[in-house]
Amino acid sequence: MKLNNKWLRAAIPALLIHCSIGTVYCWSTFKNTIAEKIGMSDFAVGWAFSLAIFFLGMSAAFAGKMVEKNIHKSSLISCICFTLGMIGTGLFIQFTSGVVALIGIFLCYGCVMGIGLGIGYLTPVKTLMLWFSEQKGLATGISIMGFGLAKAIATSIMEAIQNNIGISEMFYILGAVYFVMMFIGHLLLTKPEGWVEPEEAKNEFKPLSMFKDKTFLGIWLMFFINIHCGLALITYEKQILKVTFEGMAVAATMISLIPSITAAFNALGRIGYSTISDKLKDRNTIYKIIFASSIVITLVALATFSISNGLNSIVYGIIVIALLIIINAGYGGGFSTLPALLSSRFGMDKISKIHGLSLSAWAVAGITGNNMSELILNLTGRTYDYILIATLVLYVVAMVISLTMIKKNKEIKE
């Protein structure tokens with residue numbers, strides 16, 4: 001095996017980095033344990049996750065220039081910030097409580113780890129697209145699949161460690177493991193031999209001016225809506241299943257089994273949709289498929305809910321499972337198809353900067369998605385049908401954006 005090939009220098013290091021940072025989506029596995037340990041409410045502790053996603057998106061938005069210039073510097077910063085954030089979280093849980101612990105967790109898990117997340121998420125993407133120049137969708141799908149697959153792999157490991165050793169120890173052990181994985185990824189990650197980043201005129205790239213571009217604004221908006229709606233449902237997955245199957249003999253089985261299945265479809269959507277996009281004339285078609293399938297399954301779920309008088313119906317339960325599977329797959333696919341879609345509209349020269357800027361949509365959605373669901377539940381006192389109505393309206397808006405704003409630039413060659 002050659003020591004300078006696309007698998008060793010791009011795919012494997014990207015997976016090592018993304019399989020580490022993707023464990024941020026295991027948050028629900030230990031959120032309640034943290035809340036009990038430090039004596040704060042689940043809602044208060046839950047803001048640590050929102051902050052992590054916010055800092056992920058914003059650090060990616062502002063780190064594009066650094067990533068373009070030096071992927072080794074950015075991969076090392078990501079490794080240090082992510083693992084320090086994890087270990088710091090463990091220290092605050094173990095040695096403090098109450099408001100002090102909460103602030104410490106916000107700082108470590110939300111801010112420091114979030115910065116590591118954003119820089120680490122962005123760093124391997126352009127390198128993969130350079131190595132896999134004819135299969136950009138497959139390349140980004142491989143990496144970003146690792147981000148989605150991390151939850152399926154790490155959830156049971158995290159549960160075992162915190163149940164048998166302790167919640168603080170879980171952060172220490174995994175922080176050390178992820179440091180090794182990310183550091184190896186940092187050492188291996190290399191752009192193709194002979195590739196030189198083009199010189200950029202001073203102040204040539206102006207982030208704010210990108211939002212005046214109709215195509216970029218459309219991509220940003222539909223990307224935001226896909227994440228917002230996905231988080232609105234995915235972060236309440238266990239609660240939705242509990243309400244849906246309450247009183248049924250299969251309740252416990254469904255609640256424990258389905259999240260692993262939906263996590264697998266999240267990962268499959270990431271590599272599946274992006275790989276399919278390589279075969280299509282227009283990568284925007286993938287987003288049309290994602291939004292169309294989301295609209296149809298949400299309509300079916302609402303209609304079934306109404307016909308069956310709501311809950312405790314086997315048919316409705318099956319539809320809810322299908323809903324969560326399709327939303328998870330589309331949620332993952334939206335992430336993995338984004339870099340190739342951007343390169344098809346704006347070219348490869350500044351792809352890290354443009355991709356990073358588009359990830360600011362993730363930052364905003366990290367604040368709005370799950371909090372929209374919380375607000376709706378608090379205002380209505382109802383089950384989850386109003387959340388479905390809200391996401392349905394937004395998916396329709398996203399479909400309109402995809403159809404009208406994302407025009408193909410014939411002058412750009414990917």
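In this predicted model, helix α10 runs over residues 237-244, and four of its residues are tucked away: Glu 237, Ile 240, Leu 241 and Thr 244 are buried. Looking down the axis of α10, these buried residues fall within an arc of 95°, so they line one face of the helix.

Helix α10 also turns up around the open spaces of the protein. The largest pocket has a volume of about 890 Å³. It is lined by 33 residues, and the ones closest to its centre are Trp 27, Ser 28, Lys 31, Thr 235 and Gln 239. Several helices chip in with two or more lining residues: α2 (27-38), α3 (42-69), α6 (136-164), α10, α11 (251-277) and α15 (360-380). As for chemical character, the lining of this pocket is a mix of 12 nonpolar, 14 polar and 7 charged residues.

Closed spaces come next. Rolling a probe the size of a water molecule over the atoms shows where empty space is left. A search of the whole structure picks up 4 cavities of 30 Å³ or more. The largest cavity has a volume of about 90 Å³, and its walls are made by Tyr 25, Gly 148, Lys 151, Leu 231, Ile 234, Ala 263, Asn 266, Arg 270, Asn 328 and Tyr 331. Helices α6, α9 (214-234), α11 and α13 each put at least two residues into that lining, with α11 giving the most, 3 residues. Sorted by type, the lining of the largest cavity has 5 nonpolar, 3 polar and 2 charged residues.

The second largest cavity, with a volume of about 40 Å³, is another story. Its lining consists of Leu 233, Ile 240, Tyr 316, Val 320, Leu 323, Tyr 384 and Leu 388. That makes 7 nonpolar residues, with no polar and no charged ones. The top contributor here is α13, which gives 3 residues. Ile 240, listed in this lining, is also one of the buried residues of α10.

Aromatic rings are another thing to look out for, as the structure holds 28 aromatic pairs. Take Phe 54 and Phe 55: their ring centres are 5.7 Å apart and their planes sit at 85°, so this pair is edge-to-face. Phe 54 counts as partly exposed, at 29% relative accessibility, and Phe 55 is also partly exposed, at 25%. Tyr 331 and Phe 335 make an edge-to-face pair too, with 5.1 Å from centre to centre and 75° between the planes. Both of these residues belong to helix α13 (residues 314-346), where they are 4 residues apart, or about one turn of the helix. Tyr 331 and Phe 335 are both buried. They are also members of one aromatic cluster, together with Tyr 25, Phe 49, Tyr 121, Phe 147, Phe 223 and Trp 362. Two members of that cluster, Tyr 25 and Tyr 331, show up again in the lining of the largest cavity.

Tyr 121 leads on to a buried histidine. His 355 is part of helix α14 (residues 351-358), and a relative accessibility of 1% means that it counts as buried. What does His 355 touch, once residues up to four places away in sequence are set aside? The list is Tyr 121, Leu 122, Val 125, Leu 338, Pro 339 and Leu 342.

Thr 127 is hidden as well. This residue is found in helix α5 (residues 98-131), and at 0% relative accessibility it counts as buried. Ignoring neighbours within four places in sequence, Thr 127 makes contact with Arg 9, Ala 10, Ile 71, Leu 189, Thr 190 and Lys 191.

One of those partners, Ile 71, lies in helix α4 (residues 71-95). Ile 71 is itself buried, with a relative accessible area of 7%; the cut-off for that label is anything under 20%. With its neighbours within four places left out, Ile 71 is in contact with Thr 123, Thr 127, Leu 189, Thr 190 and Lys 191. Leu 189, Thr 190 and Lys 191 therefore appear on the contact lists of both Thr 127 and Ile 71. Ile 71 can also be placed relative to His 186: the two are 115 residues apart in sequence, while their C-alpha atoms are 8.4 Å apart in space.

Definitions and conventions:
Residues numbered from 1 in each chain as written. Predicted model: local features only at pLDDT ≥ 70, side-chain atom pairs only at ≥ 80, totals over all residues. Heavy atoms only, no water. Buried < 20%, exposed > 50% of the residue type's maximum accessible area, 1.4 Å probe, protein only. Arc of directions from axis to C-beta. Phe/Tyr/Trp six-rings, centres within 6.5 Å; stacked < 30°, edge-to-face > 60°. 1 Å grid on protein atoms, 1.4 Å probe; cavity = no way out; pocket = protein on both sides within 12 Å on 5 of 7 lines; lining within 4 Å. Points joined across faces, edges and corners; volume = space filled by probe spheres on them. Nonpolar A, V, L, I, M, F, W, Y, C, P; charged D, E, K, R; others polar. Contact = heavy atoms within 4.5 Å.
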